[in-house]
Amino acid sequence: MNPIKYSFLLLGALSLSACEDNDGQLTIADVDVPAGYALSAGTATEFSRSAFSYDQPASWISGEYNALFNKGDRLYDNVATSNYNHAGGGLGPVYAGYSCGGCHRNAGRTEPSYWTAFKNGSRKATGEYGFTSMLCYVTRRNGKFFQNYGRVIHDNTIYGVTPEGEIHFEIDSAVYRFPDGERYTLCYPRFSITKWYADSIRPEDLFISVRIPLRHVGQGQIMALDRTEIQQLAARSNYPRWGISGRCNVVSERNVSQIGVGGNKAHHGDLTVELGYSSDMGLTNSRYPEEICRGQRQIEEGSMMGLSYEKLDVSTADMEAVDLYLHSLGVPARRDVNDPDVQAGEKLFYKAGCHLCHVTTLHTNKRGSTLLAGLTLPWLGGRQTIHPYSDFLLHDMGSEIMGVGLNDNMVSGLARGNEWRTTPLWGIGLQQLVNGHTYFLHDGRARNFTEAIMWHGGEAEASKQVFAHYSKAQRAQLIRFLWSL
C-alpha cells in the first residue's frame with residue numbers, strides 16, 4: 001500500500017449517489033498540467049515521479065469509493081497464509097505467489113525470479129522466498145494440458161506439501177552489430193522442469209512458456225476501451241509496406257464472447273482477479289470454487305497439514321475491492337515532453353512505423369466499466385481520449401531470431417504461439433524507478449529498450465530495420481522518447 005496519495009482539487013465532495021449520476025465529474029479543464037508533462041488518461045492522469053507512480057488513485061476516487069480503493073489496495077498487498085484462523089488464510093496447498101503485490105510490486109512488475117537467481121550465480125528459477133515472480137505455463141506439443149499438472153506449474157507450496165515441480169533455466173546469448181558497427185547482445189532464457197511430483201515429462205514432449213508480471217498501468221481504461229474502435233483498427237491494420245496486419249483476439253469469459261484486450265495475448269476480457277486468486281495463490285472463490293490441484297495428492301497432503309476445504313478462501317466482496325483498486329489506479333503522465341531529444345525521438349518513432357501498432361490515441365466507451373460483482377464505474381466511460389500506445393491487436397512477432405524469436409508455441413483463444421498483443425507503452429519509462437529493473441517482453445528476456453526492440457521480428461521486422469539503420473545518436477533519441485512515456 002502506498003504511503004502517499006496525490007490528487008487533484010475536487011469541485012466539492014462527490015457523494016456515491018452523485019458519482020453514479022455523473023454529477024460533478026472532473027473534466028480535462030479541471031486538470032492543471034505541470035510544465036513538461038502531458039496527459040495520458042485524461043482526468044485519471046497523475047504526475048508523480050516516485051517508486052509509487054503506478055500506485056496512485058485516479059483523481060475521481062472519493063468518498064465511499066476511496067474507502068473501497070484503500071481496502072482493495074490493502075488486500076492486493078496482503079500476504080496470504082495457510083492459517084484459516086488468520087485474516088487472509090487459505091493459501092495453497094500449491095501456489096505460485098502469496099500476494100498480488102509480491103509479483104506486482106507497487107502495482108508494477110517485480111524483477112523476474114530467474115534474473116535474480118542468475119545474478120546470484122544460480123540456475124534455479126523457482127523463487128527462494130516462498131514465491132516465484134513469474135508464471136510457468138506448460139502444454140503438450142499438441143496444445144493439450146497434462147492431466148496431473150494443468151496449465152501452470154505450481155512450484156511453491158505450504159509446509160509439508162509436495163511442489164508440482166522445480167523450474168530451472170539456462171541463458172543463451174548472441175552478439176550482433178548494428179549497421180554502424182555498434183554491438184548489442186540478445187539473451188534467450190531456456191527453461192526446464194525437474195522434480196515432477198507425478199509423471200516425469202520429457203522435454204521433447206512439452207512446451208514451456210514463462211510470463212513475467214504485467215505492469216498494472218491503465219487497467220481501468222483498458223477494460224473500458226471502445227471495442228468497436230478496436231475492431232475498426234483491426235479492419236484498417238493492413239500496411240503492406242511494413243508487413244503489418246493485426247487482428248483481434250476473441251475470448252469467452254462468463255459465457256460471453258468478446259474482444260480480448262487484457263493479457264500478453266489479448267486473451268482476457270476482464271482483469272482476472274478471481275483467476276489470479278485461484279491459479280496464482282490457490283485461494284478458492286465464487287468463480288473458481290475448486291482447489292487448483294483437485295484430484296492430485298497435494299489435496300491429501302494439505303489436509304494432513306491442517307488445511308480445510310469446506311469454505312471459500314476469499315469473498316466476492318474482497319475480490320471486487322481489488323477489482324476496483326486496479327480499475328481506479330491513476331495513469332502516469334508523459335514527462336519531459338519539451339526535451340529536444342524526446343521530441344526528436346518521437347519523430348523517429350513515427351518514422352519507423354512504430355505507431356502503426358503502438359497506436360498513440362484511443363477512446364473509452366460511453367458507459368464505463370462494471371466490476372466483477374456489478375459495481376459500475378462511469379468515470380471510465382464518456383468516450384475519454386487516452387494514450388496507451390497500443391492497438392490491443394494480435395501481431396506475428398516472428399520465430400527466427402536465435403532460432404525461436406518470440407514464438408512460445410502457446411495458443412490462447414485465436415492467438416497462435418508467434419502472436420502477441422501490442423504491449424501498451426504508457427508508464428513504461430517509470431518501470432526502473434518503480435521496480436528497479438528494465439526487463440521487458442513477456443518473459444523478461446530483454447534487459448533494456450534496445451534489446452526489446454531488436455527482439456521484434458515478423459510484422460515488426462521492417463520497423464526494427466529502420467531503427468537499426470538509424471545512427472547511434474538517433475537510436476538514443478528514440479529510446480529517450482520511450483523513457484518519457
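These legends accompany several close-up views of a predicted model.

**View 1. The largest nonpolar core and its main contributors.** Welcome to the interior: the largest nonpolar core holds 62 residues, and Ile230 and Tyr277 have the most contacts inside it. At least two residues of this core come from each of helix H2 (63-77), strand S2 (94-95), helix H3 (100-103), helix H5 (219-223), helix H6 (227-236), helix H7 (273-280) and helix H9 (316-327). H9 provides the largest share, six residues. Apart from this core lies another, of 32 residues, which includes Phe349, Cys354, Phe481 and Leu485.

**View 2. The surroundings of isoleucine 230.** Which residues are in contact with isoleucine 230, once its neighbours within four places in sequence are left aside? They are Leu225, Cys248, Ile259, Leu362, Asp391, Phe392 and Leu393.

**View 3. Helix H7 and what covers it.** Seven of the eight residues of H7 are buried, so this helix is mostly covered. The buried residues are Val273, Glu274, Leu275, Gly276, Tyr277, Ser278 and Ser279. Their cover includes H2 and H9. After H7, look for glycine 282, which has a positive phi, near 70 degrees.

**View 4. Strand S3 paired with strand S7.** S3 (residues 135-140) and S7 (residues 206-211) run antiparallel and are joined by six bridges. Across this pairing, tyrosine 137 of the one strand stands opposite serine 209 in S7. S3 is mostly covered, with five of its six residues buried.

**View 5. Proline 93 in its loop.** Is proline 93, in the loop between H2 and S2, buried or exposed? With a relative accessible area of 0%, this proline is buried, because the cut-off for that class is under 20%. Leaving aside neighbours within four places in sequence, proline 93 is in contact with Asn156, Thr157, Ile158, Val161, Glu291, Cys293, Gln298, Gly302, Leu307 and Tyr309. Of these, Cys293 is 200 residues away along the chain, yet the C-alpha atoms of the two residues are separated by 7.9 Å.

**View 6. A salt bridge between glutamate 166 and lysine 195.** The model has 27 salt bridges in total, and this view shows one of them, with N and O 3.6 Å apart. Glutamate 166 belongs to strand S5 (residues 166-177), while lysine 195 sits in the loop between strand S6 (183-194) and S7, 29 residues apart. The two partners are worth a careful look: glutamate 166 counts as buried at 15% relative accessibility, whereas lysine 195 is exposed at 60%.

**View 7. A salt bridge between aspartate 408 and lysine 265.** The closest N and O atoms of this pair are 3.1 Å apart. Aspartate 408 is in the loop between strand S15 (394-396) and strand S16 (419-421), and lysine 265 is in the loop between strand S9 (256-260) and H7, so the salt bridge ties together parts 143 residues apart in sequence. Both residues are buried.

**View 8. Arginine 480, aspartate 336 and their network.** Arginine 480 and aspartate 336 form a salt bridge, with 3.1 Å between the closest N and O atoms. Because arginine 480 lies in helix H14 (residues 472-483) and aspartate 336 in the loop between strand S10 (331-332) and helix H10 (340-351), the pair ties together parts 144 residues apart in sequence. Arginine 480 is partly exposed, at 26% relative accessible area, and aspartate 336 is also partly exposed, at 24%. Salt bridges link Arg49, Asp336, Asp339 and Arg480 in a network.

Key:
Residues are numbered from 1 along each chain as its sequence is written. This is a predicted model: local features need pLDDT of at least 70, side-chain atom pairs count only at pLDDT 80 or more; totals for chains, interfaces and linings use all residues. Side-chain values use heavy atoms; hydrogens and water are left out. A nonpolar core is a set of buried Ala, Val, Leu, Ile, Met, Phe, Trp, Tyr and Cys residues joined through side-chain atoms within 4.5 Å. Buried means under 20% relative accessible area, exposed over 50%, partly exposed in between (1.4 Å probe, protein chains only). Helices (H or I, at least four residues) and strands (E, at least two) are DSSP runs, numbered from the N terminus. Contact means heavy atoms within 4.5 Å. Two strands pair if DSSP finds at least two bridges between them. A salt bridge is a side-chain nitrogen of Lys or Arg within 4 Å of a carboxyl oxygen of Asp or Glu.
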